[in-house]
Amino acid sequence: PNGCGKTTLVRVASMWLHPSSGDVTVLGERLGRTDVRRLRERVGFASAAMADLLRPDILVSDVVMTARNAALAPWWHEYDDADHTLAIAALTRAGVELLADRRFGTCSSGERQRILVARALSTDPGLVLLDEPTAALDLAGREQFVTMLTDLAADPTNPPMALVTHHVEEIPDGFTHALLIKEGETLAQGPMDDVLSAELLSECFGLSLSLERRRGRFTAWAN
């Protein structure tokens, strides 16, 4: 539900936010006992908040290329042709290689989301975190994006991905586990088939819900 702590959790996991208490271990490294700048380079992170941090006049290829240093612009580090080639390869995986020479600010919401996923994947990360990546998309854009994530999930060479969402309809086929959060606490976690049930979903949202799964995708509605 809104306000349960999903975005806070993913920002902590991506090391853009420090927790007020407790311990955080990401990719075997403990926050506070490691160089967070280096560790952040190993975690791909895509969110609407990240898009807002990027200058609209920056080239799309630079948006992706600067992920190597977890930077937001290309002026503070040196990049070469090999870095540019890797950026184009990441854009190709996300299906937006034709946007490489466009300004980021001229791209649509759907295009920006794909670009941010390309950025998240470009550094061969150990983990990819996607914070409500379809929030600004229309129906067609959402379905195209979910299809892209389904294809990425089916490729065993890609790193593990975690998706934050309010809507079960946005869960791609091929995602294997789920975590339900309510009021800042874990309600349930484990394999998708065990956790994503009508009963647990109803408890999570405080509303009697029905849930159906068809061709690998979910649909929920109020009873």
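This report walks through the overall build, the strands and the open and closed spaces of one protein chain.

**The whole chain**

The model you are looking at is predicted. Its protein chain contains nine helices and nine strands. If you draw a box along the principal axes, the C-alpha atoms fill roughly 55 × 40 × 30 Å. The chain has 223 residues, and a compact globule with that number would have a radius of gyration near 17 Å; the 18 Å found for this chain agrees with that.

**A sheet with three strands**

Start with the open sheet, where three strands follow the order S3-S4-S5 and the pairing is parallel. Strand S3 (43-47) and S5 are its edge strands, as each of them pairs on one side only. From one strand to the next, the twist averages 10°.

Now zoom in on strand S4, which covers residues 127-131 and pairs with S5 in the parallel sense over four bridges. Here you can find valine 128 opposite methionine 161 of S5. As a general point, side chains in a regular strand alternate between the two faces of the sheet.

Which helices lie across these strands? Helix H1 (6-13) is one of them: H1 lies across S3, S4 and S5 and runs at about 150° to S4. Another is helix H6 (residues 109-121), which lies across S3 and S4 and runs at about 170° to S3.

**A hairpin**

Further along, S6 pairs with strand S7 (residues 185-191) in the antiparallel sense, over six bridges. One bridge joins lysine 182 to its partner in S7, glutamate 185. S6 and S7 form a hairpin with two residues between them. In that turn, glutamate 183 has a positive phi of about 55°.

**Pockets and a cavity**

Here are the spaces side by side, with the make-up of their linings.

| Space | Volume | Lining residues by type |
|---|---|---|
| Largest pocket | about 820 Å³ | 24 nonpolar, six polar, one charged |
| Second largest pocket | about 200 Å³ | one nonpolar, one polar, eight charged |
| Largest cavity | about 150 Å³ | seven nonpolar, three polar, three charged |

The largest pocket is lined by 31 residues, and Leu163, Val164, His177, Ala178 and Leu179 lie nearest its centre. Which element gives the most to this lining? That is S6, with five residues. The elements supplying at least two residues each are H1, strand S5 (161-164), strand S6 (177-182) and helix H9 (198-205). So you have already met H1 and S5 in the sheet region, and S6 in the hairpin.The second largest pocket has a lining that includes Arg142, Glu143, Glu169 and Phe218. Helix H7 (139-154), strand S8 (209-214) and strand S9 (217-222) each give two or more residues to that lining. Eight of the lining residues are charged.

Finally, how many cavities of 30 Å³ or more does the structure hold? The structure holds one. Its lining has 13 residues, and the closest to its centre are Arg40, Val43, Gly44, Phe45 and Arg119. Both S3 and H6 supply at least two residues of this lining. The largest share, three residues, comes from S3, the edge strand of the sheet that H6 lies across.

Note on methods. Residues numbered from 1 in each chain as written. Predicted model: local features only at pLDDT ≥ 70, side-chain atom pairs only at ≥ 80, totals over all residues. Heavy atoms only, no water. 1 Å grid on protein atoms, 1.4 Å probe; cavity = no way out; pocket = protein on both sides within 12 Å on 5 of 7 lines; lining within 4 Å. Points joined across faces, edges and corners; volume = space filled by probe spheres on them. Nonpolar A, V, L, I, M, F, W, Y, C, P; charged D, E, K, R; others polar. Pairing = 2+ DSSP bridges. Axes fitted to C-alpha atoms, helices over the stretch in contact; angles between N-to-C directions. Contact = heavy atoms within 4.5 Å. Rg over C-alpha atoms; globule rule 2.2 N^0.38 Å.
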